[in-house]
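Visitor: Please take a close look at one single part of this model and tell me, step by step, what stands beside it. I am new to this, so explain each term as you use it.

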Amino acid sequence: MGLIDTTFSSIPAKILDKWGISLTFIKTASNQSYNVATGDVSGTDTDVSVKGVILQVSPSEDDEIKQKTDIQVIIGNKELGDYYPTVRDRIQYTEAGATKVAKIVSVTTSRGDKPVLHTVIARPQ
């Protein structure tokens, strides 16, 4: 285990437990099948309750990938363990009393031997 793991791995959980909001991280099913006749994709997604912080993407961060309507979501490794978010996953959250789902468009993971913190850019659908 690297020094970053032993020194920093517990810090995101402490901060997010105190100041984060409840979100649902939706892991896309790893075993999906596609029905050519109907166009349906089948497979069971996994919902994971996580704590996170949602930030707006600032105009200075806007680039070819990010859009001004995107959100930046910071989540720790406590609930996801060794799982690395992918662009196939989604984030479900509440905004102004409405439940919204955002598709992940990019992920940056801070890590040592294991993930410590994930910064996700997600696009509300």
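**Strands and their partners**

Guide: Ile74 has Thr119, a residue of strand 8, standing opposite to it. That is a place in a predicted model, where local features need pLDDT of at least 70 and side-chain atom pairs 80 or more, while totals for chains, interfaces and linings use all residues. Residues are numbered from 1 along each chain as its sequence is written, and side-chain values use heavy atoms, without hydrogens and water.

Ile74 and Thr119 belong to a longer contact line, for strand 5 (residues 71-76) and strand 8 (residues 115-124) run antiparallel and are joined by six bridges. Two strands count as paired if DSSP finds at least two bridges between them, and helices (H or I, at least four residues) and strands (E, at least two) are DSSP runs numbered from the N terminus. In general, the strands of a sheet pair through backbone hydrogen bonds, either parallel or antiparallel.

If we step back from this pair, strands 5 and 8 turn out to be neighbours in a closed barrel of six strands, which runs in the order 1-4-5-8-7-6 with antiparallel pairing. The whole protein chain has two helices and eight strands, and from the N terminus on the two α elements come before the β elements. The C-alpha atoms of the chain fill a box of roughly 55 × 35 × 30 Å along the principal axes.

Let us now move to strand 1 (residues 21-27), which pairs on one side with strand 4 (residues 46-56) in the antiparallel sense over seven bridges. In that pairing, Ile21 stands opposite Gly52 of strand 4. Strand 1 also pairs with strand 6 (residues 90-95), again in the antiparallel sense, but over three bridges. Here Phe25 has Ile91 as its bridge partner, and Ile26 is partnered by Arg90, likewise in strand 6.

Strand 6 leads us onward to strand 7 (residues 98-111), with which it pairs in the antiparallel sense over six bridges, and within this pairing Gln92 stands opposite Val101. The two strands form a hairpin with two residues between them, and Ala96 in the turn has a positive phi of about 55°.

Phe25 deserves a second look, this time for its side chain. The model has one aromatic pair by the rule used here. The rings of Phe25 and Tyr83 have centres 6.0 Å apart and planes at 75°, so the pair is edge-to-face; rings of Phe, Tyr and Trp (its six-membered ring) pair if their centres lie within 6.5 Å, and planes under 30 degrees apart count as stacked, over 60 as edge-to-face and the rest as tilted. Because Phe25 lies in strand 1 while Tyr83 lies in the loop between strand 5 and strand 6, the pair ties together parts that are 58 residues apart in sequence.

The two rings also differ in their surroundings: Phe25 counts as buried because its relative accessibility is 0%, whereas Tyr83, with a relative accessible area of 23%, is partly exposed. Buried means under 20% relative accessible area and exposed over 50%, with partly exposed in between (1.4 Å probe, protein chains only). Across the 125 residues of the protein chain, 30% are buried.

Finally, the ring of Tyr83 has a further neighbour, as the charged end of Lys27 sits over it, 4.4 Å from its centre. Such a charge must have NZ of Lys or CZ of Arg within 6 Å of the ring centre and within 35 degrees of the ring normal.
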